[in-house]
Amino acid sequence: MRILIKLSIAALLIGMQTTAFSSNNYKDLVEEGYRWVNVDGPYASKFEDDAQRLSKKPTRDGELQILRAGGAYYLIEGRIVKVLRTDKSTGMAEIQTARLVPTLWTSTKYLSKQPIRDAYARIETPDTIGWTSTGFSAVRCVAKQAVQNQQSPATTASNTSLTKDSDSH
């Protein structure tokens with residue numbers, strides 16, 4: 001009986017270590033398209049051409065003009081973003097950030113494949129900022145529920161009530 005308990009504890013500890021190592025496997029995050037911002041400042045825009053102007057050492061007046069028009073967004077060093085696509089001819093990348101709805105464009109020179117510590121000396125991952133529960137995974141869950149609802153009409157009412165309950169909280 002003691003051997004069984006010791007084996008169970010050992011298996012639990014190994015499982016916990018594997019989870020800890022996998023959450024810090026930054027190479028996997030890079031392969032999935034995640035990058036860390038390596039600059040602070042108004043270097044992102046909803047429009048690719050504005051982002052290009054911001055990345056090419058803009059004049060103070062040019063920067064202010066884009067800021068006043070509401071076309072510039074601040075990047076914060078150490079924040080994690082997901083690269084959706086890149087335009088290799090211009091060196092620009094379309095990115096998605098956590099808790100920000102529009103996709104933004106920025107220069108790839110402002111994005112790092114190496115983890116960068118944020119202002120709190122932490123390395124952000126999608127898990128640490130809650131991106132996996134509210135970001136892309138939530139969209140996948142909604143799509144999966146829609147497919148399930150189409151396949152089984154009997155469960156549609158129960159799935160709909162669960163969705164409404166979770167939305168109200």
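**Close-up 1. A positive phi follows helix α4 at G70.** In this predicted model, G70 sits just after α4 and takes a phi of about 75°. The helix itself runs over residues 60-68. A comparable feature comes just after α3, where K57 takes a positive phi of about 45°.

**Close-up 2. Helix α4 has a buried side and an exposed face.** G62, E63 and I66 are the buried residues to look for here. They lie on the same side of α4 because they cover an arc of only 100° around the axis. An α-helix has 3.6 residues a turn, so residues three or four places apart point the same way. Turn to the face directed away from that buried side and you will meet the exposed residues R60, D61, Q65 and R68. As for packing partners, the buried residues of α4 pack against β2 (41-45), α3 (48-55) and β3 (72-75).

**Close-up 3. Helix α3 packs against strands and α4 through its buried residues.** D50, A51, L54 and S55 are buried in α3. Their arc around the axis is only 135°, which puts them on the same side of α3. The buried residues of this helix pack against β2, α4, β3, β5 (92-97) and β6.

**Close-up 4. S107 is a buried residue of strand β6.** This serine belongs to β6, which spans residues 104-107. S107 counts as buried because its relative accessible area is 6%, and the cut-off for buried is under 20%. Beyond its neighbours within four places in sequence, S107 is in contact with S55, G91 and M92. Of these partners, S55 is one you have already met among the buried residues of α3.

**Close-up 5. Twelve residues make up the largest nonpolar core.** In soluble globular proteins, nonpolar side chains tend to be buried together. Here the core consists of V37, V39, Y43, A44, L75, V81, V83, A93, I95, L104, Y110 and L111. The elements that give two or more residues to it are β2, β4 (80-87) and β5. I95, one of the core residues, makes a good starting point for a tour. Leaving aside neighbours within four places in sequence, I95 is in contact with L75, V81, K82, V83, L84, T103, L104, T106 and L111. A second core, separate from this one, has ten residues, including V30, Y34, A98 and I123.

Conventions:
Residues numbered from 1 in each chain as written. Predicted model: local features only at pLDDT ≥ 70, side-chain atom pairs only at ≥ 80, totals over all residues. Heavy atoms only, no water. Buried < 20%, exposed > 50% of the residue type's maximum accessible area, 1.4 Å probe, protein only. Helix = DSSP H or I, 4+ residues; strand = E, 2+ residues; numbered from the N terminus. Arc of directions from axis to C-beta. Contact = heavy atoms within 4.5 Å. Core = buried A, V, L, I, M, F, W, Y, C linked by side-chain atoms within 4.5 Å.
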